Amino acid sequence: MRRRFFAVLWVCLIFAVFPFTAYSGEELFQYSTIDALLAGVYDGQLKCGELKKKGNLGLGTFNALDGEMVVLDGQVYQVKVDGKVSLAPDSGKIPFAAVTSFTPEEFLPVKKAANLTELTKIMDQGLPTKNIFYALKIEGRFPKVVARSVPRQTRPYPPLAKAVEKQAVFTFTDVEGTILGFRCPVFVKGVNVPGYHLHFLTKDRKGGGHVLDCVVENLTVQVDPIHKFNLVLPEDREFYRLDLDKDKSSDLKKVEK
Ligand code: ZN
């Protein structure tokens, strides 16, 4: 009896030390899909308070497409179309967002001044594979960041490509802050943004937005490789009725640039 007790105890200990999972690292948590957002589904059910439990770094937008979301150091910031930044309330709802618990494992130095195109090339060359997700964070003083925000929409909602025609563009020069976001593999097309998607927040938390361009010089890209993807889809009629069969790549290009 005693021997059996110890055998069971051993098995329990082994599973406590070596959990029975293929992967125990952090995950990319995502709510809804980029194609649903492109189609004009701007109201979701996920609350900012719940999103915070899923990660401390990320991006997205708010219900009614009310500005750009920057999740940094566990706080959810809302950059509205007038450029003003505020902390989003925990009760605030989200139609699309992606976050992770950021723990950088790789560091890519960017010495010479690089614009966004050059920066993405440097990152592509430095990353071990294009087939996993990465969370990225660049902190410091930037010679230039060009960011945008989007205007709050009213129903009936237009598609995103139409809504961003009225975007506001902010140019920051010699500015301290954080550029953060994700690099997703091309095979997530339709679900998330293939390639790079970056948002910006100034150090004084008074400006930011979706990054359209930037100049990075003498800074380090902090990289967190992610092998696990947790997608939560909306539980509402609007999402259910949506036709998501078509390829929306050309719409996405319009929206991102
Ligand atoms: Zn964005």
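Which residue takes a positive phi in the hairpin of strand 4 and strand 5? In this predicted model, the residue is D73, with phi near 50°. Two residues lie between the strands of that hairpin. Strand 4 spans residues 68-72, and strand 5 spans residues 75-79. The two run antiparallel and are joined by five bridges. One of the bridge pairs is V71 with V76, the latter in strand 5.

The next hairpin joins strand 5 to strand 6. Five residues separate the strands here, and G83 takes a positive phi near 90°. The pairing is again described by bridges: three of them link strand 5 and strand 6 in the antiparallel sense. Q78 has S86 of strand 6 as its bridge partner. Strand 5 is largely enclosed by the rest of the structure, because four of its five residues are buried.

These hairpins belong to a wider sheet. The sheet is open and has seven strands, in the order 6-5-4-3-8-1-16. Its pairing is mixed. Strand 6 (85-87) and strand 16 (228-232) stand at the edges. Each has a single partner strand, so one side of each is left without a neighbour in the sheet. From one strand to the next, the twist averages 15°. Strands of a sheet pair through backbone hydrogen bonds, in either the parallel or the antiparallel sense.

Unusual backbone geometry also appears in loops. Strand 3 (57-61) and strand 4 are connected by a loop that contains A64. Phi of A64 is near 70°, a positive value in a residue other than glycine. L65 is placed in the loop between strand 3 and strand 4 as well. Its phi is likewise positive, near 60°, and L65 is not a glycine either. Both residues fall below the 20% cut-off for burial. A64 counts as buried because its relative accessibility is 4%. L65 counts as buried because its relative accessibility is 2%. A further feature is found at P156, where the peptide bond from R155 is cis, with omega near 0°. P156 sits in the loop between strand 11 (133-149) and helix 5 (160-163).

A zinc ion is bound by three histidines. The donor atoms are NE2 of H197, NE2 of H199 and ND1 of H210, at 2.0 to 2.1 Å. The donor residues follow the spacing H-x1-H-x10-H in sequence. H199 lies in strand 13 (residues 195-202) and H210 in strand 14 (residues 208-216), so this pair ties together parts that are eleven residues apart in sequence. H199 and H210 are buried.

The interior was examined next. In soluble globular proteins, nonpolar side chains tend to be buried together. The largest nonpolar core of the model holds 46 residues. Within it, L119, F142, V145, I179 and V221 touch the most other members. Leaving aside residues up to four places away in sequence, F142 touches T173, D174, V175, G177, T178, I179, F200, V215, V216 and L219. Another core, of 16 residues, lies apart from the largest one. Its members include Y42, A64, A161 and V164. A64, described above for its positive phi, is therefore both a buried loop residue and a member of this second core.

Aromatic contacts also involve F142. A pair of aromatic rings is described by the distance of the centres and the angle of the planes. Four aromatic pairs were counted. In the pair of F142 and F200, the ring centres are 5.9 Å apart and the planes stand at 85°, so the arrangement is edge-to-face. F142 lies in strand 11 and F200 in strand 13, so the pair ties together parts that are 58 residues apart in sequence. Both F142 and F200 are buried. With F172, these two residues form one aromatic cluster. Strand 13 thus contributes F200 to the aromatic pair and H199 to the zinc site.

How values were computed:
Residues numbered from 1 in each chain as written. Predicted model: local features only at pLDDT ≥ 70, side-chain atom pairs only at ≥ 80, totals over all residues. Heavy atoms only, no water. Donors = N, O, S within 2.8 Å, 3.2 Å for Na, K, Ca; no water. Buried < 20%, exposed > 50% of the residue type's maximum accessible area, 1.4 Å probe, protein only. Core = buried A, V, L, I, M, F, W, Y, C linked by side-chain atoms within 4.5 Å. Contact = heavy atoms within 4.5 Å. Pairing = 2+ DSSP bridges. Axes fitted to C-alpha atoms, helices over the stretch in contact; angles between N-to-C directions. Phe/Tyr/Trp six-rings, centres within 6.5 Å; stacked < 30°, edge-to-face > 60°.
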